[in-house]
Amino acid sequence: VFRPREKEKYKLRKKRQNDMDAFHKMKQLRQDFEKLRVLLELVKQREQLNRLIILAQNERFEQQIYEMVDTSGLPRVSYRLQREDVKKVLDVPHHFDTTTTS
C-alpha cells in the first residue's frame with residue numbers, strides 16, 4: 001500500500017549549520033526584535049499621552065461648566081484625572097537618545 005521513499009528526497013533536506021553566519025543572522029534578528037519592542041513601547045506611551053490629553057481637555061470643559069452653573073462655592077472634585085496617572089504617563093524613557101552623559 002505504501003510506496004518506499006526515494007533516496008533523493010533525503011539528500012534534499014538541509015542540515016542545520018552552526019556556523020558564524022547563522023550566529024550573526026540570529027544576533028541581528030534579536031537586535032531587530034529588541035528595536036521593535038522598544039518602538040511598540042513608545043507607541044503605547046504616545047497613545048497613553050493622547051488619552052491623557054483628551055481627559056485633560058474634558059476636565060477643563062467640565063470645570064468651565066461647573067464654574068458657570070455652580071453657586072455653592074465648593075470646589076469641584078474630579079475622579080477621572082489622577083495626579084499619579086499623569087506622572088506615570090509623562091515619565092518617558094529616552095531609548096534612542098544618542099548623547100551620553102559622563
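Seven salt bridges are counted in this predicted model. Several of them can be followed residue by residue, and they make a convenient way into the fold.

The secondary structure behind these pairs is simple to describe. The chain holds three helices and zero strands, so that reading from the N terminus gives the order α-α-α. Helix α2 covers residues 20-69, while α3 covers 83-90. Of the 102 residues in the chain, 6% are buried. The chain exposes about 10,600 Å², and 57% of that area is supplied by carbon and sulfur atoms. Where contacts link residues at least 6 apart in sequence, 59% of them join residues at least 24 apart.

Two of the salt bridges can be taken as a pair of examples. In one, the side chains of E41 and R37 meet at 3.1 Å, N to O. These two residues are four apart in helix α2, which means that about one helical turn separates them. Both ends of this bridge can be placed on the accessibility scale: E41 is partly exposed at 32% relative accessibility, and R37 is partly exposed with a relative accessible area of 42%. In the other example, E47 is bridged to R46, with 2.9 Å between the closest N and O atoms. Here E47 counts as partly exposed at 41% relative accessibility, and R46 counts as partly exposed at 46%.

A further salt bridge reaches beyond a single helix. The side chains of E62 and R80 come together at 3.1 Å, N to O. Because E62 lies in helix α2 and R80 in the loop between α2 and α3, this pair ties together parts that are 18 residues apart in sequence. E62 is partly exposed, with a relative accessible area of 25%, and R80 is partly exposed as well, with a value of 44%. The pair does not stand alone, for E59, E62, R76 and R80 are linked in a network of salt bridges.

Within that network, E59 deserves a closer look. This residue is found in helix α2 and is buried, since its relative accessible area of 9% falls under the 20% cut-off. Leaving aside residues up to four places away in sequence, E59 touches R76, S78, R80 and L81. Two of these names, R76 and R80, also belong to the salt-bridge network.

R80 and L81 appear again in the description of the largest pocket, which has a volume of about 170 Å³. Its lining is made up of Q48, R51, L52, L55, R80, L81, Q82, D85, K88 and V89. Helices α2 and α3 each supply at least two residues of this lining, and the largest share, four residues, comes from α2. R80, then, takes part both in the bridge to E62 and in the lining of the largest pocket.

Turning to the surface, a nonpolar patch is formed by M26, L29, F33, L36, L39, L40 and V43. Together these residues have about 670 Å² of accessible area. One of them, V43, lies in helix α2. V43 counts as partly exposed at 33% relative accessibility, and this value clears the cut-off of over 30% that patch residues must meet.

Key:
Residues are numbered from 1 along each chain as its sequence is written. This is a predicted model: local features need pLDDT of at least 70, side-chain atom pairs count only at pLDDT 80 or more; totals for chains, interfaces and linings use all residues. Side-chain values use heavy atoms; hydrogens and water are left out. Buried means under 20% relative accessible area, exposed over 50%, partly exposed in between (1.4 Å probe, protein chains only). Contact means heavy atoms within 4.5 Å. Patches are made of residues with over 30% relative accessible area and no salt bridge: like charges are joined within 9 Å, nonpolar side chains (Val, Leu, Ile, Met, Phe, Trp, Tyr) within 5 Å. Accessible areas come from the Shrake-Rupley method with a 1.4 Å probe; for residues, only the protein chains shown count as cover. A salt bridge is a side-chain nitrogen of Lys or Arg within 4 Å of a carboxyl oxygen of Asp or Glu. On a 1 Å grid over the protein atoms alone, a cavity is a set of points where a 1.4 Å probe fits but cannot get out, and a pocket is an open set with protein on both sides within 12 Å along at least five of seven lines; lining residues have an atom within 4 Å of a point. Grid points are joined across faces, edges and corners, and a volume is the space filled by probe spheres set on the points.
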